[in-house]
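Subject: Structure handover

Hello,

Here is the structure we discussed, passed over to you. My notes on it come after the model.

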Amino acid sequence: QVQLVESGGDLVQPGGSLKLSCAASGFTLDYYAIGWFRQAPGKEREGVSCISSGDGHTFYADFAEGRFTNSRDNAKNTVYLQMISLKPEDTAVYYCAVYRGPYCSGDVSQEWGFDTWGQGTQVTVSS
């Protein structure tokens with residue numbers, strides 16, 4: 001069974017850091033591009049980042065550039081999203097998803113082609 005499980009979400013103070021994990025089972029993650037998305041209360045889901053297979057090229061939304069780092073450990077079949085300098089507006093449920101091909105499109109907002117999604121992990125940034 002193809003499955004993604006996110007973890008690492010927590011309550012953190014503004015300026016703090018978190019590292020989210022996206023563990024895959026039932027398939028070999030390193031053949032596919034992996035996207036991170038988030039959905040804040042009352043808002044549309046938005047793209048955060050995407051990491052391609054192979055060279056691991058990464059793409060980020062403007063709000064994530066310089067603060068978030070998307071990486072993959074193929075030996076552990078896991079993708080990570082390291083987040084620093086967190087802001088209250090980063091509060092959201094964060095999801096990872098598998099793209100149907102090895103390379104990101106370059107448009108992190110694109111959800112078409114992401115066929116399998118995790119259940120999400122809650123990130124709350126508040127003092």
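The notes below go through disulfides, cores, aromatic pairs, charged contacts and one loop residue.

Please keep in mind that this is a predicted model.

Disulfides

The count of disulfides is two. In one of them, C22 and C96 are bonded, with the sulfur atoms 2.1 Å apart. The torsion about their S-S bond is about 80°, so this disulfide is right-handed. C22 belongs to strand β3 and C96 to strand β9, so the bond ties together parts that are 74 residues apart in sequence. C22 is buried at 0% relative accessibility, and C96 is buried at 0% as well.

C50 and C104 make another disulfide, with a sulfur-to-sulfur distance of 2.0 Å. Here the value about the S-S bond is -90°, and the link is left-handed. C50 sits in strand β5 and C104 in the loop between β9 and β10, so parts 54 residues apart in sequence are tied together. C50 has a relative accessible area of 5% and is buried; C104, at 11%, is buried too. With the bonded cysteines numbered in sequence order, the pairing reads 1-3, 2-4.

Nonpolar cores

The largest nonpolar core has 26 residues, and the members that touch the most others are W36, F68, L81, M83 and Y94. Strands β3, β4, β5, β8, β9 and β11 each contribute at least two residues to this core. For L81, contacts beyond its neighbours within four places in sequence include L18, L20, W36, V48, F68 and Y94. The contacts of L81 also include K19, S49, T69 and N70.

There is a second, separate core of seven residues, among them F37, C50, Y99 and C104. The C50–C104 disulfide therefore joins two members of this second core.Aromatic pairs

Six aromatic pairs are counted. F37 and F114 have ring centres 5.1 Å apart and planes at 80°, so they pair edge-to-face. F37 lies in strand β4 and F114 in strand β10, 77 residues apart. F37 is buried at 1% relative accessibility, and F114 is buried at 9%.

The rings of Y99 and F114 also have centres 5.1 Å apart, but their planes stand at 50°, so this pair is tilted. Y99 is in strand β9 and F114 in strand β10, with their positions 15 residues apart in the count. Both residues, Y99 and F114, are buried. Ring pairs connect F37, Y99, F114 and W117 into a cluster.

Charges over rings

The ring of W117 has the charged end of R45 over it, 4.0 Å from the ring centre. K19 lies over the face of Y80, at 4.5 Å from the centre of that ring.

Salt bridges

The structure has five salt bridges. R38 takes part in a bridge with E46, where the closest N and O atoms are 2.7 Å apart. How accessible are the two partners? R38 counts as buried, at 6% relative accessibility, whereas E46 counts as partly exposed, at 32%.

R38 also meets D90 in a salt bridge, at 2.9 Å from N to O. This pair links distant parts of the chain: D90 is in the loop between β8 and β9, R38 is in strand β4, and they are 52 residues apart. D90 is buried, at 1% relative accessible area. A network of salt bridges links R38, E46, R67 and D90.

R100 and D115 form another salt bridge, with their closest N and O atoms 2.9 Å apart. R100 is in the loop between β9 and β10, and D115 is in strand β10, 15 residues apart. Both ends are partly exposed: R100 at 47% relative accessibility and D115 at 48%.

A loop residue

Is S53, in the loop between β5 and β6, buried or exposed? S53 counts as buried because its relative accessibility is 8%, under the 20% limit. Outside its neighbours within four places in sequence, S53 is in contact with D30, Y31, Y32, A33, R72, P102 and Y103.

Regards

Terms used:
Residues are numbered from 1 along each chain as its sequence is written. This is a predicted model: local features need pLDDT of at least 70, side-chain atom pairs count only at pLDDT 80 or more; totals for chains, interfaces and linings use all residues. Side-chain values use heavy atoms; hydrogens and water are left out. A salt bridge is a side-chain nitrogen of Lys or Arg within 4 Å of a carboxyl oxygen of Asp or Glu. Buried means under 20% relative accessible area, exposed over 50%, partly exposed in between (1.4 Å probe, protein chains only). Helices (H or I, at least four residues) and strands (E, at least two) are DSSP runs, numbered from the N terminus. A nonpolar core is a set of buried Ala, Val, Leu, Ile, Met, Phe, Trp, Tyr and Cys residues joined through side-chain atoms within 4.5 Å. Contact means heavy atoms within 4.5 Å. Rings of Phe, Tyr and Trp (its six-membered ring) pair if their centres lie within 6.5 Å; planes under 30 degrees apart count as stacked, over 60 as edge-to-face and the rest as tilted. A charge sits over a ring if NZ of Lys or CZ of Arg is within 6 Å of the ring centre and within 35 degrees of the ring normal. A disulfide is a pair of cysteine sulfur atoms within 2.5 Å.
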